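Student: I have a structure open and would like to go through it with you. Can we start with the overall picture and then look at single residues?

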Amino acid sequence: MFKKNIKKIELEKDILNRLEKLGRQDIILIIRPDRLTKQTHLKIKNYTDKYITYIYDSCTRFPIDDLLKDKIFDKIYSFDLQDCKKFGFNFITNYIYLEKKEIQPLSKINNSIFIILSIDERLHLLNKIANYLSDNAIAFKFIITGKKRPKNINDNIIYTKKPIFIDALMEELENSNVYLDLIRHGHNGLSFRIFEALAMQKKIITTNKSIAEYDFYNPNNILILDENSEIDINPDFFKTPYQPLSDAVYYKYTIENWVKTIFKL
């Protein structure tokens with residue numbers, strides 16, 4: 001007997017029930033289209049003249065081949081540059097979803113570098129960075145989540161099975177001076193950690209080389225690591241304060257502007 005995903009079935013029922021009560025809409029936007037069946041997408045599409053979607057992750061992780069083949073959507077947006085080139089999607093970055101914070105004095109920061117990471121192919125690089133930071137007496141807080149603590153990792157890496165909820169995450173982000181961003185293999189866009197850093201006005205160390213192409217890139221604020229080379233971080237990066245973006249550049253990446261762009265407001 002085939003196993004049915006009861007949660008997915010109930011989710012789709014709830015969406016369709018809500019739409020039935022709301023009635024016809026000018027535009028409907030779906031985020032994570034891979035979470036719904038093609039049949040449900042077709043039913044949703046009956047409630048609008050314009051059905052659009054945003055794929056906030058790579059199609060290598062969340063394929064939507066059936067939906068592309070049947071041309072379910074009138075417009076598809078994606079943050080992944082390679083997916084946009086390959087499938088003809090409309091490019092748009094992720095967005096700043098947090099309120100902008102004041103720049104904190106470095107003396108009030110507890111941890112120099114922070115990351116929370118699921119246990120995946122990035123763990124080897126994370127461990128390599130942790131060893132470098134430990135050897136150079138640079139404070140960091142690395143948290144990894146998964147079913148079992150990996151063997152042979154840096155003793156200062158914190159392991160937990162428990163999920164990290166948003167309130168705890170915000171506390172960690174506020175108490176750190178620099179965010180570490182390690183991109184997944186196959187990703188070709190900016191993760192939400194970049195936009196959290198922009199909102200919190202904190203520095204970033206990232207393996208995402210494409211970040212240098214964006215207008216908010218500033219080498220004072222953003223350090224790009226080559227994961228295939230030896231780790232070498234200039235200690236001066238931690239000593240200089242964050243240099244704020246202009247209001248125009250900052251606004252460009254806010255959720256308010258994102259919504260205006262998506263819905264052509």
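Tutor: We can take the overall figures, then cysteines, aromatic pairs and a few single residues.

Student: What kind of model is this?

Tutor: This is a predicted model.

Student: How many helices and strands does the protein have?

Tutor: The secondary structure comes to nine helices and ten strands. The C-alpha trace spans about 60 × 50 × 35 Å along its principal axes.

Student: What share of the residues counts as buried?

Tutor: Of the 265 residues of the protein, 45% count as buried. The accessible surface comes to about 15200 Å², and 51% of that surface belongs to carbon and sulfur atoms.

Student: And the contacts between residues at least 6 apart in sequence, what percentage join residues at least 24 apart?

Tutor: For that set of contacts, the share is 63%.

Student: How far apart are the mean positions of the positive and negative charges?

Tutor: They are 5 Å apart, taking 41 positive and 35 negative charges.

Student: Switching to cysteines. How many disulfides does the structure hold?

Tutor: It holds zero disulfides.

Student: Why is there no bond from C59 to C84?

Tutor: The sulfur of C84 is the closest cysteine sulfur to that of C59, but at 9.0 Å it is too far for a bond. The cut-off for a disulfide is 2.5 Å between the sulfur atoms. Seen from C84, the closest cysteine sulfur is in C59, again at 9.0 Å.

Student: Is C59 buried or exposed? And C84, buried or exposed?

Tutor: C59 is buried, with a relative accessible area of 9%. C84 also counts as buried, at 10% relative accessibility.

Student: Now aromatics. How many aromatic pairs are in the whole structure?

Tutor: A search of the whole structure finds twelve aromatic pairs. In one of them, the rings of Y95 and W258 have their centres 4.8 Å apart and their planes at 55°, so that pair is tilted.

Student: Where do Y95 and W258 sit in the chain?

Tutor: Y95 is in the loop between strand 4 (90-91) and strand 5 (111-118), and W258 is in helix 9 (residues 255-262). The two are 163 residues apart, and the pair links distant parts of the chain. Both Y95 and W258 are buried.

Student: What about F195 and Y253, how are their planes set?

Tutor: The planes of F195 and Y253 are at 40° and the ring centres are 6.1 Å apart, so this pair is tilted. F195 lies in helix 7 and Y253 in the loop between helix 8 (247-252) and helix 9, so the pair ties together parts that are 58 residues apart in sequence. F195 and Y253 are both buried.

Student: Back to W258 for a second. Which residues form an aromatic cluster with W258?

Tutor: The cluster is formed by Y54, Y56, Y95, Y97, F192 and W258.

Student: Helix 7 came up with F195. What does E196 in helix 7 touch?

Tutor: Leaving aside neighbours within four places in sequence, E196 is in contact with Y97, L98, L169, L173 and Y179. Y97 is also one of the residues in that aromatic cluster.

Student: An acidic side chain. Is E196 buried or exposed?

Tutor: E196 counts as buried, because its relative accessibility is 5% and the cut-off for buried is under 20%.

Student: And H185, where is that?

Tutor: H185 is in the loop between strand 8 (176-181) and helix 7 (192-200). At 52% relative accessibility, H185 counts as exposed, since the cut-off for exposed is over 50%.

Student: Which residues does H185 touch?

Tutor: Not counting residues up to four places away in sequence, H185 touches E121 and E227. The C-alpha atoms of H185 and T60 are 9.6 Å apart, with the two positions 125 residues apart in sequence numbering.

Student: Last topic, backbone. What is the phi of K71?

Tutor: K71 has a positive phi of about 50°, although K71 is not a glycine. K71 is in the loop between helix 3 (65-69) and strand 3 (75-78), and is exposed, with a relative accessible area of 67%.

Student: And A137, what phi does it have?

Tutor: A137 has a positive phi of about 55° and is not a glycine either. The loop holding A137 runs between helix 5 (123-135) and strand 6 (140-145). A137 counts as exposed, at 72% relative accessibility.

Conventions:
Residues numbered from 1 in each chain as written. Predicted model: local features only at pLDDT ≥ 70, side-chain atom pairs only at ≥ 80, totals over all residues. Heavy atoms only, no water. Helix = DSSP H or I, 4+ residues; strand = E, 2+ residues; numbered from the N terminus. Buried < 20%, exposed > 50% of the residue type's maximum accessible area, 1.4 Å probe, protein only. Contact = heavy atoms within 4.5 Å. Areas by Shrake-Rupley, 256 points an atom, 1.4 Å probe, with all protein chains shown as cover. Lys, Arg positive; Asp, Glu negative; His and termini not counted. Charge placed at Lys NZ, Arg CZ, Asp CG, Glu CD. Phe/Tyr/Trp six-rings, centres within 6.5 Å; stacked < 30°, edge-to-face > 60°.
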